[in-house]
Amino acid sequence: MIFSMTPLDKLIAHFEKFPGTGIRQARRFAFHILTLKPEQADELAGLVTSLKNSVVLCPSCYRYYSESGERQPLCSICRNPNRDRSKLLVVARDSDTEAIERSGVYDGLYFILGGTVSLLHNPKDEQRVRSGALLGCLTTRLKEDHLMEVILGFSVSPDGENTARFVENHLEPVLKGTAVSLTHLGRGLSTGSELEYADPETIKSALQSRTK
Ligand SMILES: [Zn+2]
């Protein structure tokens with residue numbers, strides 16, 4: 001029935017797919033767009049299009065990064081020679097990486113899983129997250145970078161903990177027999193708190209008190 005949808009219906013359907021957005025909020029967004037001046041609506045449409053062309057996915061850590069000037073093969077974190085390549089922090093989303101970078105206490109590399117695996121067994125979650133790419137990244141790092149530690153940085157919530165278990169099960173066979181330790185973020189993050197909203201002090205404390 002897609003062909004009978006009006007542009008407004010289609011826009012609402014798009015907004016409804018946004019993280020944490022229900023149908024009522026999606027409608028509110030769409031109707032807000034109707035109130036914009038033509039030039040504002042044009043700017044918004046232009047930004048959506050240009051974002052797709054100017055933001056690229058890093059093939060090493062799977063972080064989205066903006067291109068400015070010359071095209072670089074890797075993101076600024078992966079190609080920074082001052083980052084500690086013996087540490088790999090696995091997080092669910094780009095916004096988690098941003099929160100950790102803002103805290104300024106982590107100097108290793110990242111891997112962005114691309115989502116969480118819900119406690120209610122959902123095979124779609126497992127297909128959606130980049131567990132295969134994580135294994136590839138780990139194998140490369142083991143060969144090239146003298147990897148010493150993989151830190152699982154997920155929110156303290158049932159889904160976060162389930163994701164940590166899922167990732168652990170995936171990594172264990174690869175890490176077995178290597179010197180690499182698998183750690184979790186420690187105290188500081190309160191139950192139910194989302195990593196992306198944690199303040200720098202909390203992130204610092206969670207990183208410093210990580211446990212095996
Ligand atoms: Zn990268």
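Glu201 and Gln208 are exposed on one side of helix α8, the side away from its buried residues. In this predicted model, the buried residues of α8 are Thr202, Ile203, Ala206 and Leu207. These residues lie on the same side of α8 because the arc they cover around the axis is only 130 degrees. Such an arrangement can be read against the geometry of an α-helix, which has 3.6 residues a turn, so that residues three or four places apart point the same way.

Among the elements that cover the buried residues of α8 is α4. In α4 itself, the buried residues are Asp94, Asp96, Thr97, Ala99, Ile100 and Ser103, and they pack against β2, β3 and β4 as well as against α8. Helix α4 is followed by Gly104, a residue with a positive phi near 65 degrees.

Ile100 leads from this helix to the nonpolar core. The largest nonpolar core holds 43 residues, and within it Ile100 and Val150 touch the most other members. At least two residues of this core come from each of β3 (84–91), α4 (94–103), β4, α6 (131–144), β5 (149–153), α7 (158–175) and α8 (200–208), with the largest share, 5 residues, supplied by α7. When residues up to four places away in sequence are not counted, Ile100 touches Leu89, Val91, Val105, Tyr106, Tyr110, Leu195, Ile203 and Leu207. Two of these contacts, Ile203 and Leu207, are also named among the buried residues of α8.

The next part concerns the metal site. Which residues are the protein donors of the zinc ion? They are Cys58, Cys61, Cys75 and Cys78, each through its SG atom, lying 2.3 Å from the ion. The site is tetrahedral, with angles of 106 to 113 degrees among its 4 donor atoms; for four tetrahedral donors the ideal angle is 109.5 degrees. Along the sequence, the donor residues follow the spacing C-x2-C-x13-C-x2-C.

Accessibility values for selected residues, including two of the zinc donors, are set out below.

| Residue | Relative accessible area | Class |
|---|---|---|
| Cys58 | 0% | buried |
| Cys61 | 1% | buried |
| Tyr62 | 23% | partly exposed |
| Phe111 | 0% | buried |
| Leu34 | 56% | exposed |

Aromatic rings form a further theme. A search of the whole structure finds 4 aromatic pairs. One of them joins Tyr62 and Phe111 in a tilted arrangement, with 5.4 Å centre to centre and 55 degrees between the planes. This pair links distant parts of the chain, since Tyr62 lies in the loop between β1 (55–57) and β2 (64–66), whereas Phe111 belongs to strand β4 (residues 108–112), 49 residues apart. Is each partner buried or partly exposed? Tyr62 counts as partly exposed because its relative accessibility is 23%, while Phe111, at 0%, counts as buried. Elsewhere, ring pairs link Phe15, Phe18 and Phe29 into a cluster.

Leu34 offers a contrasting case of a nonpolar side chain. Leu34 is found in helix α2 (residues 23–35), and it counts as exposed because its relative accessible area is 56%, where the cut-off for exposed is over 50%. Its C-alpha atom is separated by 12 Å from that of Ile12, a residue 22 places away along the chain.

Conventions
Residues are numbered from 1 along each chain as its sequence is written. This is a predicted model: local features need pLDDT of at least 70, side-chain atom pairs count only at pLDDT 80 or more; totals for chains, interfaces and linings use all residues. Side-chain values use heavy atoms; hydrogens and water are left out. Donors are N, O and S atoms within 2.8 Å of the metal (3.2 Å for Na, K and Ca); water is not among the atoms, so sites may look incomplete. Four donors count as tetrahedral if all angles lie between 85 and 135 degrees; four count as square planar and six as octahedral if opposite donors are over 155 degrees apart and all others between 65 and 115; anything else is irregular. Buried means under 20% relative accessible area, exposed over 50%, partly exposed in between (1.4 Å probe, protein chains only). Rings of Phe, Tyr and Trp (its six-membered ring) pair if their centres lie within 6.5 Å; planes under 30 degrees apart count as stacked, over 60 as edge-to-face and the rest as tilted. Helices (H or I, at least four residues) and strands (E, at least two) are DSSP runs, numbered from the N terminus. A nonpolar core is a set of buried Ala, Val, Leu, Ile, Met, Phe, Trp, Tyr and Cys residues joined through side-chain atoms within 4.5 Å. Contact means heavy atoms within 4.5 Å. The arc is that of the directions from the helix axis to the C-beta atoms.
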